[in-house]
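User: I would like to learn how to read helices, surface patches and salt bridges in a model. Could we go through them one at a time?

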Amino acid sequence: MATASMAFKSREDHRKQMELEEARKAGLAPAEVDEDGKEINPHIPQYMSSAPWYLNPERPSLKHQRKWKSDPNYTKSWYDRGSIIHQAEKYRKGACENCGAMTHNAKACMDRPRKLGAKWTDKNIAPDEKIESFELDYDGKRDRWNGFDAASYVHVVERYEARDEARKKYLKDQQLKKLEEKNNNQNVGGGVSDDEENEDDLRVDEAKVDESKQMDFAKVEKRVRTTGGGSTGTVRNLRIREDTAKYLLNLDVNSAHYDPKTRSMREDPLPDMDPNEKFYAGDNQNRVSGQALEFKQLNIHAWEAFEKGNDVHMQAAPSQAELLYKNFKVNKEKLKSEVKDTIMEKYGNAATADPLPKELLLGQSEKEVEYDRAGRIVKGQEMALPKSKYEEDVYINNHTTVWGSWWSNHQWGYKCCKQSIRNSYCTGAAGIEAAEAAADLMKANIARKEAAEEVAVPAEEKRLATWGTDIPEDLVLDQGKLAEALKKEDHRRREEKDERKRKYNVKWNDEVTEEDMEAYRMKKIHSDDPMSKFM
């Protein structure tokens, strides 16, 4: 009871709180006040006004939405490097035994270990360091450049400039020395060799490296994955910046697709343009022309030869695969010429020497595609349609059509044999005839059964008539048995009203006679009877 009352009380408090919030939003009640005495806007969403549980809020407040971590101890400053506090002249008690500074001990000393420390020599006393202790804020802890002094980079620049100056001076001295040697050799009488002249011509002064870079393509440092680990390699970008970008050749949205990530445009952006004036015809042109197409045909020949039983592998023995492919092409051309000669000898040559019409000549292009009599591509390649990742036109169990090519009576099947079993073996036209014969036999059996049922209908109706509401005229009942059945029905209904009159060990009789059913029908109260409510 106490738990129920507490739950009721909490629900009541919640209801009152909701009514109060609605009144505040409507302006009928004053707004809430936070800890600082400021009014809280009642229209602020609950997910913003409710404080997290770990803050333990005692009253409404928006303090958790403000910058609550505004401690003056937090700062973004950094340590003052190299600053000293005091420079002692003698060793002091409690100082570092190695350098003599008071700010650390000998174990934490960062100076070079002396043979005799300052404690015993009382010389070269190190100054005391400036010890700072401050707490960094969130940004200060994560700032990579916190404490970086930009002025210190000047020393790095000066060191590199000094190295470049020394290198230039060294190269100049080397050139002067070689010139003196050359002059001495000429004075002696010996000629200068061609190799030395070429070496002097090809020498590039390192002072002019920046000028030579302008003549080269742009360099891109790239991480290259190797088996031994990552290594940095130089990759040159061979695209000339003055060329027109691929996506600017045709600004039509429905033209060839351009992939910005790989900078590739596979299809031809200008298919209707004159091939003689076309500079770029798509990246697929490189895959279906030149050595790329030959290498592709070589791979296909190696795969087909391996499937037919020849021990050939393109990666394991490339020379063997290439030699077999060359022999195959020679034999193929030889067989083709022999077949051509035999056909010409038998049927003659109907080709004429008449020139081709201008319509065919003007409609030519450099894209060559050859077809055979069945319409298959022999040489060249058209734009291939993308295939599905699932297997297509796979015929199993001697079928000539795929599963799902035939539909009948809400079932899929094979069109070749009209079978609805997935893994069945194809039976062809004989199976179709057998299925039709089985269907006809089934229809004949159903018709014969329906005819037999129609003949036995009168006797069945006489038996079922006692279960309905309408009594047939030819129904004959025993009046004595009917009166006894009416008494039993009255007795049963009285027992149903008062269960205390039901006796123990009641024996049920499942045999129901026509008189019993007629008594039940006569005593039954119909819902549509207007006097049923007064009984």
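User: Let's start with H10: how many residues does H10 have, and what distance does H10 reach from its first C-alpha to its last?

Analyst: Happy to help, and please keep in mind that this is a predicted model. A helix can be checked by setting its end-to-end reach beside the expected one, at 1.5 Å a residue. H10 has 30 residues and reaches 43 Å, close to the 44 Å expected. Right after H10 comes Gly348, with a positive phi near 85 degrees.

User: Which residues form the positive surface patch, and which helix gives the largest share of the patch?

Analyst: The patch is formed by Lys332, Lys336, Lys340 and Lys379. Three residues, the largest share, come from H10, which covers residues 318–347. Lys379 sits elsewhere, in strand S6 (residues 377–379). Its relative accessibility is 43%, so Lys379 counts as partly exposed.

User: And which residues make the nonpolar surface patch?

Analyst: Trp145, Phe148, Tyr153 and Val157 make that one, with an area of about 460 Å². Take Phe148 as an example: its place is the loop between helix H4 (138–142) and helix H5 (153–188). Phe148 is partly exposed because its relative accessible area is 46%, and exposed would need over 50%.

User: Now the salt bridges. How many does the structure hold?

Analyst: The general idea is that side chains of opposite charge can pair when their charged atoms come close. This structure holds eleven salt bridges. One of them joins Arg92 to Asp128, with the closest N and O atoms 3.0 Å apart.

User: Which parts does the pair of Arg92 and Asp128 tie together?

Analyst: Arg92 is in the loop between S1 and H3, while Asp128 is in the loop between H3 and strand S2 (135–136), so the pair links parts 36 residues apart in sequence. Arg92 is partly exposed at 23% relative accessible area, whereas Asp128 counts as buried at 7%.

User: Which residues do salt bridges with shared partners join into one network?

Analyst: Look at helix H14 (residues 479–497), where Glu489 and Arg492 lie three residues apart, about one turn of the helix. Their side chains meet in a salt bridge of 2.4 Å, N to O. Glu489 also meets Arg493 in a salt bridge, at 3.4 Å, and these two are four residues apart in H14. Shared partners thus join Glu489, Arg492 and Arg493 into one network.

User: Is each of these three buried or partly exposed?

Analyst: Glu489 is buried, with 8% relative accessible area. Arg492 is partly exposed at 31%, and Arg493 is partly exposed at 24%.

Methods: Residues are numbered from 1 along each chain as its sequence is written. This is a predicted model: local features need pLDDT of at least 70, side-chain atom pairs count only at pLDDT 80 or more; totals for chains, interfaces and linings use all residues. Side-chain values use heavy atoms; hydrogens and water are left out. Patches are made of residues with over 30% relative accessible area and no salt bridge: like charges are joined within 9 Å, nonpolar side chains (Val, Leu, Ile, Met, Phe, Trp, Tyr) within 5 Å. Accessible areas come from the Shrake-Rupley method with a 1.4 Å probe; for residues, only the protein chains shown count as cover. A salt bridge is a side-chain nitrogen of Lys or Arg within 4 Å of a carboxyl oxygen of Asp or Glu. Lys and Arg count as positive and Asp and Glu as negative; His and the chain ends are not counted. The place of a charge is taken as NZ of Lys, CZ of Arg, CG of Asp or CD of Glu. Buried means under 20% relative accessible area, exposed over 50%, partly exposed in between (1.4 Å probe, protein chains only). The expected span of a helix is 1.5 Å times one less than its number of residues.
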